[in-house]
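Visitor: Could you take me on a close look at one part of this structure, the place where two of its chains meet? I am in my first year, so please go step by step.

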Amino acid sequence: MKPRLDWIGAGLFAALLAVAPLFLNAYQVDVLNSIGLYALLALGLNLILGEAGLFNMGHAAFYAMGAYTAAILNTRYQIPILWTLPLSGLVAGAFALAVARPVVHLRGDYLLIVTIGVGEIVRIALVNDVFGITGGANGIFGINRPRVFGYIIRRPEDFFYLIWGCVALTIFLFLRLKRSRFGRALNYLREDATAAEGSGINTDYYKLAVFGLGAAWAGMAGTLFAAKMTIISPESFSFWESVVLFMIVILGGAGSIPGVLLAAFLVVGLPELFREFAGARMLVFGLVMMVMMVVRPQGLWPARGHQGFSLAALARAVGP
Amino acid sequence: MSQFFPFPATLNLANLVEEFFQQLTNGLAVGGIYALIALGYTMVYGVLKLINFAHGDLFTYGAYLGLTLLTSLALTDRLGFALGVLVLALMVMGLVAVLGAILERAAYRPLRQSPRLSAVVSALGASIFLQNTLMLIYGARFQVYPENILPATTLNIFGLYLPLMRVLIVLASVLMMVALYLFIQKTKIGTAIRAAAIDQDAARLMGIDVNRVIMLVFLVGPALGGVAGLMVGLYYGQINFTMGWVYGMKAFTAAILGGIGNIPGAMVGGLLLGVIEALGAAYISIAWKDAIAFCVLILILIVRPTGLLGERVADKV
Amino acid sequence: MSAADGAIAPTESALLTLREVTKSFGGLTAVNGVSFAVGEGAVVGLIGPNGAGKTTVFNLITGNYQPNHGDIHFTGQRLNGLRTHRIIMLGIARTFQNIRLFQQLTVLENALAGCHYRMSGGILAGMLWLPTQRRVEKAAVERAVQELEFVGLGQQTLTVAKNLSYGDQRRLEIARALATQPRLLILDEPAGGMNEQETEALIGLIEQIRARGITILLIEHDMRLVMRACEKLVVLEHGGKIAEGSPEQVRSDPRVIEAYLGTEDEV
Ligand SMILES: Nc1ncnc2c1ncn2[C@@H]1O[C@H](COP(=O)(O)OP(=O)(O)O)[C@@H](O)[C@H]1O
Ligand SMILES: [Mg+2]
């Protein structure tokens with residue numbers, strides 16, 4: 001596809017999405033909101049897993065960190081929920097750095113196991129009401145509705161624009177990041193960390209940085225989640241949330257932003273369409289994962305071979 | 001002073017010692033189960049460098065198949081307890097071994113040449129698939145092993161009263177581990193497995209049929225995992241379709257603790273983890289029981305990623 | 001090691017110095033008490049039969065492995081214990097025996113990896129695509145394209161690396177290494193898998209690199225290349241150094257002749 005066609009397609013999709021709430025009922029809009037939240041989370045995970053190739057199956061832990069930070073600040077200290085956004089991101093990011101620091105140099109599948117372990121420890125800690133502030137298995141309730149310029153965000157349509165606005169902003173920022181020095185470093189890491197290090201790139205630094213960044217994004221998504229639900233509990237951040245996010249990135253195509261969006265729609269949206277088969281949902285996922293790896297390991301909508309038109313344009317501008 | 005000791009000090013001490021040994025033997029039984037599962041992880045990792053995520057679910061299949069066979073064939077009624085359980089165990093091992101071989105064929109063999117991530121994702125998919133198949137067949141609720149089949153005997157060992165089942169599990173798991181160890185160390189096939197684990201290409205050049213070795217590993221590992229599932233059913237009486245995840249993760253921790261790819265390491269790691277967990281749950285906090293194994297996992301990876309018995313190897317550049 | 005046999009003793013003035021370097025893997029001693037020096041501006045060859053420990057020496061120099069004994073100095077600075085990227089930043093660049101390119105990325109992106117550590121810009125600058133970042137990227141692309149043209153890949157900047165021919169892949173690795181602007185370039189079997197014409201072109205390329213004032217240390221089995229390109233050779237066998245000197249001296253050294261007897265893939 002030509003770059004221009006890409007942009008036309010993206011514009012049409014955005015426009016369609018923007019007017020969707022006018023034609024959908026509250027329930028359907030709520031499904032779109034869920035998709036948006038998962039997309040937001042998966043875009044962050046995509047940096048870690050898709051761009052940098054680091055196996056992270058504990059993303060829900062960072063999500064939980066953000067959601068609980070927001071909920072605690074809001075219910076205990078009456079800080080408006082959306083104001084907690086940067087702090088939630090910071091807490092989740094800092095937590096990720098702390099846990100990743102000692103293990104980030106480990107072989108890929110060890111990292112996978114460690115992140116699963118961290119996810120479980122966080123969930124158990126939340127259930128056990130760690131420090132007496134997480135409310136145990138019941139969680140935290142009574143989180144305030146967010147307020148933007150005096151307008152209280154309450155209805156699903158309101159949240160729709162808040163969440164998808166964040167998704168749009170994320171895509172805008174991540175597309176740029178992807179084709180910058182930082183983004184390329186992540187790809188070098190994924191392709192061959194030894195060669196990257198041997199080209200003068202501090203691979204440990206980038207591994208940590210991308211973990212922190214992806215986790216911070218999950219933390220901020222956690223704030224949105226807390227604001228939307230007004231009640232949060234540990235079961236929203238189970239291991240299976242991490243698996244679903246992992247699946248969205250792999251299914252869509254590691255490193256591909258449109259792929260991640262498409263997969264978020266499929267993985268979160270399709271089960272809502274086929275509710276009578278809800279019990280078989282995970283079974284189908286499992287089967288799809290196995291089959292995909294054989295027939296289409298690069299994902300449904302894989303990332304393009306080369307990154308970013310601007311780099312190509314630059315090369316042409318200075319080239320022979 | 002006396003208000004601190006409502007009971008005579010001597011009796012209290014005896015209680016503490018008794019309690020300690022109860023926890024210790026319980027830990028050994030659970031550890032034996034972890035070790036049996038861990039052997040499957042470590043053997044597959046040794047040969048394929050793959051974490052077989054679905055291994056924990058094969059363990060669950062062992063528990064469910066055991067329950068179904070036990071209730072439908074009434075083996076213990078016909079053959080008596082000892083022979084009945086033995087026949088049951090062999091049947092479970094056989095069936096789960098076949099499942100393991102099918103898994104290898106369907107989920108891993110097509111990906112032998114693919115990047116590591118593909119095999120990991122496929123393993124995860126297989127795990128989810130197996131788990132949910134069980135859920136659709138048996139339902140999501142806990143299943144209960146019939147209580148009346150087990151003789152509710154306790155054994156008196158040096159003055160310590162231990163449940164029969166606990167003693168049997170420790171004995172049976174140690175017996176199977178020793179048998180496996182001898183099989184790997186002393187037989188020709190065992191040597192082939194060890195060779196393939198060190199260097200597949202070299203093993204192939206030496207005339208070893210690596211595909212057969214892999215198939216064998218996927219028969220033996222699941223057989224041991226399956227019988228571990230049966231043990232859990234008999235020991236705790238309750239099973240659930242998701243239990244393979246928790247047990248699997250802990251067994252994998254045990255494998256890493258001992259040194260992944262190292263068979264005696266998996267045994268030591270399993271027993272050690274079982275004991276650490278039992279004592280931790282008893283003396284630190286029962287609520288954090290499931291977190292203990294993960295903390296051990298993270299600590300060992302930070303301090304000594306090669307595990308207790310593993311050797312340091314430099315990655316080739 | 002006496003000066004009489006023409007060997008250059010390790011000195012502080014040399015660009016790179018290895019002193020009594022030993023590395024073992026388990027029971028196998030891959031490199032055993034090896035010492036040699038590479039003077040500024042020279043082209044030095046490291047030769048020896050397969051498994052002699054040559055690649056291991058390279059991996060020790062660039063910090064991929066740490067020596068068990070001995071030390072390595074570059075421009076007077078001790079390299080032991082430094083991480084690989086720090087060593088590259090000091091001015092050593094390398095290629096790999098079994099080509100290690102970023103296979104899925106374009107030729108240009110591969111070369112840009114070499115420019116990376118001299119560029120600025122992190123997460124924020126990247127996300128916001130600030131004007132400063134744009135300038136930095138443009139300058140880096142210019143550098144990378146220059147190096148690609150230098151090795152003869154100027155026409156293929158947007159080709160995905162895995163689609164390049166074998167010889168081109170080796171050249172791209174050299175371009176990526178050159179893009180780090182090194183003082184010392186170490187090449188591990190640069191002619192491996194190349195045909196005669198490509199090897200000929202490679203000899204020319206090595207000449208040109210040297211003309212830029214870059215010192216070269218290379219491992220190579222192709223004796224014609226070694227004899228023509230190198231002014232000094234270091235010969236390893238079973239992890240130990242068995243000879244050192246000019247190509248002529250080395251060629252007539254009885255121990256070298258003995259070491260090479262029976263190995264037919266050389267010469
Ligand atoms: N990471 C490693 N682990 C174990 N043995 C290694 C490792 N790297 C190299 N070796 C061994 O060291 C010896 C020297 O290897 P190498 O330096 O690659 O030789 P050369 O490059 O001269 O052909 C070989 O026997 C090789 O098997
Ligand atoms: Mg070599």
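Guide: Between chain A and chain B, 3 residue pairs are in polar contact, with both residues of each pair at pLDDT 80 or more. That confidence value comes up here because this is a predicted model. On the side of chain A that touches chain B, three helices each supply at least two residues: α5 (108-127), α10 (239-252) and α12 (281-295) of chain A. Of these, α5(A) gives the most, with 12 residues. Sort that side of chain A by class and you get 29 nonpolar, 5 polar and 3 charged residues.

Now let's step back to the whole meeting place. Here 37 residues of chain A are in contact with 41 residues of chain B. Together the two chains bury about 3,500 Å², and carbon and sulfur atoms give 84% of that area. Three residues are worth finding on your screen: Tyr110(A), Ile113(A) and Met290(A) supply 18% of the area that chain A buries against chain B, more than any other three residues.

What about charges? Side chains of opposite charge can pair when their charged atoms come close. Between chain A and chain B the count is 1 salt bridge. You can locate it at Asp109(A) and Arg116(B), whose side chains meet with N and O 3.1 Å apart.

While you are looking at helix α5 of chain A, find a pair that stays inside that chain. Glu120(A) forms a salt bridge with Arg123(A), and their closest N and O atoms are 3.2 Å apart. Why are these two separated by about one helical turn? Because they are 3 residues apart in helix α5 of chain A, about one helical turn lies between them. Over all chains, the count of salt bridges comes to 29.

It helps to set this beside the other contact that chain A makes, with chain C. There, 43 residues come from chain C and 42 residues from chain A. The two bury about 3,600 Å² between them, with 65% of it on carbon and sulfur atoms. The salt bridge count between chain C and chain A is 4. One that you can pick out joins the side chains of Glu197(A) and Arg83(C), at 3.2 Å from N to O. For polar contacts across the interface of chain C and chain A, the count is 15 residue pairs, both residues being at pLDDT 80 or more.

Which elements of chain C give two or more residues to the side that touches chain A? They are α2 (84-90), α3 (107-115), α4 (123-128) and α5 (131-151) of chain C. The largest share, 7 residues, comes from α5(C). By class, this side of chain C divides into 18 nonpolar, 16 polar and 9 charged residues.

One last stop takes you to the surface of chain B. Leu13(B), Leu16(B), Val17(B), Phe20(B), Phe21(B), Tyr283(B) and Ile284(B) make a nonpolar surface patch of about 700 Å². Helix α1 (residues 9-48) of chain B gives the largest share of the patch, 5 residues. If you would like a landmark, Phe21(B) has its place in that helix α1 of chain B.

Definitions and conventions: Residues are numbered from 1 along each chain as its sequence is written. Chains are lettered from A and ligands numbered from 1 in the order in which they are written. This is a predicted model: local features need pLDDT of at least 70, side-chain atom pairs count only at pLDDT 80 or more; totals for chains, interfaces and linings use all residues. Side-chain values use heavy atoms; hydrogens and water are left out. Contact means heavy atoms within 4.5 Å. Buried area is the accessible area (1.4 Å probe) that two parts lose on being put together, summed over both. A polar contact is a pair of N or O atoms within 3.5 Å; within protein, one must be able to donate a hydrogen and the other to accept it, and residues adjacent in sequence count only if both atoms are side-chain atoms. Helices (H or I, at least four residues) and strands (E, at least two) are DSSP runs, numbered from the N terminus. Ala, Val, Leu, Ile, Met, Phe, Trp, Tyr, Cys and Pro count as nonpolar, Asp, Glu, Lys and Arg as charged, and the others, Gly among them, as polar. Patches are made of residues with over 30% relative accessible area and no salt bridge: like charges are joined within 9 Å, nonpolar side chains (Val, Leu, Ile, Met, Phe, Trp, Tyr) within 5 Å. Accessible areas come from the Shrake-Rupley method with a 1.4 Å probe; for residues, only the protein chains shown count as cover.
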